Amino acid sequence: MDYRYSSRSGSLQQSDWSEDQVLDTLNEASPGNTSTNVADIAGPGGSVSRRIRPSFPDSEIRRRLRTVPKSLVCVLPASVLWEHRVVPIIFDQIEDTYYIVAQDADDIALMDKLSFLLAKNVVLVPGHADHIVQTLVRLNLKSASESADSMLSEFTDTSVSSRSADDDEFLSDVAPASERVRHSAKRSRAEFRRGPNPESNVRGYDLYSSNSTVRKTRGRGMLYYTIDDGERVLRTSLSGERDLLVGPRRVWIGRNRFEALTHHVAHPGQFLIVRFLDGSQQHLPGPAELWEDPRIHESISTEDCLQLAAREAVVVYSRKSEMPSETDRRLVHGPAMFTPQPGEWLHSFSWHASPGGHLGVQKIPNSLRFQKLWLMPDQMYHDVPDVRTSDNAVIVIRLMVFFELIHIERMLDSTRDPIGDFVNAATADVVEFTGRLSFEEFKQATGRLNDPGTYRTLLSRAEQIGYRVNNVVYRGYGAAESLQKMHDQAIEARTRLQLDRATEEQTQDLENYRLQSQLSRASMRRQEQSSEVQHAIEMDQKKRVADLEHAERQREFERRQREATDQQREAAMQRVNQIQQQHLVSLKQMGVDLTAYLTQNRADQVIELRGQATSPQLHLSSRSTEQSSPNAESEAD
C-alpha cells in the first residue's frame, strides 16, 4: 500500500496537466484545428496571452548557443542569466519576440519575469543546463555579485553527475586545476557523509559499494571487526546463529559474517512504516528511531505525514477488524498532521479541471487528481460553446461560478466528479435560456444571466451533491467570425450614429448655452443698472434728508444763538437801565430836573405832559422850534 500521499488541496488551479498536454488534447478533440509552430492562443477574455514555443532540434539549439553574439545575450543582466540559466538566441523583429533557451521551458513565472525585464514577448526554448553554462562561460559574462570562477565551481558542484564526455573536456579547458581538485575532494567528503549505499545492506557478508572505501577500511580489518559508537552489527556464525552487537566494540572476525544494520529515523512530521516478516505492519509517528533487524523486519521506510491546513479534509478508508469484508469511512479535518494506521488508505479524487492561465476555461476530464478536499469557497471559469439562439445564431457564453463544499458525505455518495456535474448543469441552463431568445433579444436579456434564478438545474444539482453555489457571474459572449463581423459592423454603425447624435446634441447645447449666457448677461446688466439707479435715488434721498437735517440743525443753532444774544443784550440793557434808573433816582433825590437833564437839548422832538392828572396838557417841541423861538414853552403855557 502506497503511503506517499498527494499534497494537492483540490483547488481547480492545481491541475496535473501541462499546457502542451491540454493543447494536444484540444487538437485531438478538434482534428480540423491545426496550428503552426508559433501561434497565438486567446485567453478567457479573448486577448492574446502566450505563444506556443517552437520545436527546435537539439543540434540546432547547440549550434545557436555556440554562435550567439554577446550583444544579443547582454540584453539581460549577467546575474539574471546565471541565476535562471537562460541565454537569448533569437530576436524576431517582426513578432517583437525574444526566443530564450532555458533549462525549464515550462516555467511560466520565469517567462513573465523575462518578459517584464525585456518589455518584449518571450518564448522559452528547452535546452540543456550544461550547454547554457558553457555559453555563458564562453562569453565571459560575470554577475555583479560573484565572479565567473565561483559560478563555474558552483555549476560543477551541482551538475557534475549530468555532464557528458564532451562537456567534461570543455570544462577541463576552462576550469583551473585547483577548482577540479577542490571539487573532487568535496565530492569524496559528501559521499563519506552519506555513508554506505542502502542497497548494499543485504543479508550475508559485509558488502559495501565501491564509493564507501573509507568506512569499509574502518570497520573491517584483517583479524578484527570494529563497530563504531552508535552503530549496530548483526553477526552470523557458521551454524547460522545470529546475535546483535552494539558499538563501540571490537570483535574477532574468525569465520563469522557481519552485517551492518540500517538506522531509520522519523523526525516530527514523518512516520516509520515497519513491515515484519510475519506479515504484520506498524506505523511509528515521529520523532522515532528504529534499527532494521533482518531477523524480524522485512523492510522499514520513512514517509512524510500528510499536512492538513485549516478548511481541508481527507476521506480515510479502513477494514473492519471484526468483519474484514466491510470498510469503514471517516473524515479527518484540518488543521492536523495525518498519520495513517496500517491498512488505511485515502480516497483519491479525479475531477474535471483546467491548467489555469489562459487555458483556464478548458475543462479536461481527470486532469485534477488529489486527496485533500478544499473546503474553502472556490470558483471556476466555464465557457459554454456552440449555443444556438432561436434564430440559429451560434455563440459562446462565458460564465464564472462561485461554489463551496458543504456536505462531504453527501458529495461522496452522490457524485464522482462534481466539477463535471457543474459544467453539465450550467450548460443545460444556458442552452435552455438562450434557445428561447433571438440574438437581439439575447443581447437585451444578458443581465438575467447574472441572476442565480436562471440556473435552476445548476443550483438543484449542487444541492444534491453537497455543494452550495454562491453566485454565477456572466462574463460576456463570443460569436462566430461572420456573425461577429456583422455584429461589429452594426455596433460600428450604431456607435457612429450615437456619436453623430451626441455631436449634434453638444452643438445645440453649446448654442443654448451661448444664448442662455447672453440672456443671463443682459439680465445681469439690467439688474446692475436698476441697482445703480436705485442706489443713486437712495443716495440722493439720503443726501436730501441729511441736508434738511443739517439746515434744521443750523437754523436751530442760529435761533438759539439769537436767543442767547437777545437774552444777553436784554440782560445788559436791563442792567444799564437799572443803573441809569438808580442814577436818575439819585439825581431826583438831589433835586435835579430830570426832564431837563435828560433832554439837555439832545432830543430832536420832546413830548411832554404837563398839568394835573385830570387836565393834562400835551406839549410837542422839536430842536428846531426851540432854537427858533426860545419863548415857545412859555407861549405854550
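Is Lys-372 buried or exposed? In this predicted model, Lys-372 is buried, with a relative accessible area of 7%. That residue is the starting point of the tour.

**Stop 1: Lys-372 and Glu-312**

Select Lys-372 together with Glu-312. Their side chains meet in a salt bridge, with an N to O distance of 3.6 Å. Lys-372 lies in the loop between β22 (364-370) and β23 (373-374), whereas Glu-312 belongs to strand β17 (residues 312-319), so the pair ties together parts that are 60 residues apart in sequence. Glu-312 is buried as well, at a relative accessible area of 9%. Because the threshold for burial is under 20% relative accessible area, Lys-372 at 7% and Glu-312 at 9% both qualify.

**Stop 2: Asp-383 and Arg-398**

Next, select Asp-383 and Arg-398. The two residues form a salt bridge whose closest N and O atoms are 3.8 Å apart. Asp-383 is in strand β24 (residues 378-388) and Arg-398 in strand β25 (residues 394-405); the pair, 15 residues apart, links distant parts of the chain. Asp-383 counts as buried, at 16% relative accessibility.

**Stop 3: a network in helix α15**

Move to helix α15 (residues 481-589) and select Glu-556 and Arg-560. Here the closest N and O atoms of the salt bridge are 3.0 Å apart. Glu-556 and Arg-560 are separated by about one helical turn, because they stand four residues apart in this helix. Glu-556 is partly exposed, with a relative accessible area of 23%, while Arg-560 counts as exposed at 52%. Extend the selection to Arg-559 and Glu-563: together with Glu-556 and Arg-560, these residues are linked in a network of salt bridges. The count of salt bridges for the model comes to 27.

**Stop 4: a three-stranded sheet**

In what order do the three strands of the open sheet lie? Colouring the strands separately will show the order β13-β12-β15, with antiparallel pairing. The edge strands are β13 (281-285) and β15 (297-304), each of which pairs on one side only. From one strand to the next, the twist averages 20 degrees. Strand β12 (residues 270-276) pairs with β15 in the antiparallel sense over seven bridges. To inspect this pairing, select Val-274, which stands opposite Ile-300 in β15.

**Stop 5: a cis proline after β13**

From the same sheet, continue to Pro-287, which is placed in the loop between β13 and β14 (288-292). The peptide bond from Gly-286 to Pro-287 is cis, with omega near 5 degrees. A further cis peptide bond joins Gly-334 and Pro-335, where omega is about 5 degrees. Pro-335 is found in the loop between β18 (327-333) and β19 (336-338). Such bonds merit a look because most peptide bonds are trans.

**Stop 6: Thr-415 and its contacts**

Select Thr-415, in the loop between α11 (408-414) and α12 (418-435). Thr-415 is buried, with a relative accessible area of 13%. A polar atom of its side chain lies 3.2 Å from the backbone nitrogen of Asp-417. The side chains of Thr-415 and Asp-421 are joined by a polar contact of 2.6 Å. Leaving aside residues up to four places away in sequence, Thr-415 touches Asp-421, Arg-461 and Ile-465.

**Stop 7: Asp-429 in helix α12**

Follow helix α12 to Asp-429. What is the nearest side chain of opposite charge to Asp-429? Arg-456 holds that place at 6.2 Å, and Asp-429 is buried yet has no salt bridge. Its side chain does make a polar contact of 2.8 Å with that of Thr-457. With residues up to four places away in sequence not counted, Asp-429 touches Thr-454, Tyr-455, Arg-456, Thr-457 and Leu-458.

**Stop 8: positive phi at two residues**

Finish with the backbone at Ala-119 and Asn-366. Most residues other than glycine have a negative phi. Ala-119, although not a glycine, has a positive phi of about 60 degrees. Ala-119 sits in the loop between α5 (108-118) and β5 (121-126), and is exposed, with a relative accessible area of 62%. Asn-366 also has a positive phi of about 60 degrees without being a glycine. Asn-366 lies in strand β22 and counts as partly exposed, at 27% relative accessibility.

Definitions and conventions: Residues numbered from 1 in each chain as written. Predicted model: local features only at pLDDT ≥ 70, side-chain atom pairs only at ≥ 80, totals over all residues. Heavy atoms only, no water. Salt bridge = Lys/Arg side-chain N within 4 Å of Asp/Glu carboxyl O. Buried < 20%, exposed > 50% of the residue type's maximum accessible area, 1.4 Å probe, protein only. Pairing = 2+ DSSP bridges. Axes fitted to C-alpha atoms, helices over the stretch in contact; angles between N-to-C directions. Polar contact = N/O pair within 3.5 Å; in protein donor to acceptor, adjacent residues only side chain to side chain. Contact = heavy atoms within 4.5 Å. Lys, Arg positive; Asp, Glu negative; His and termini not counted.
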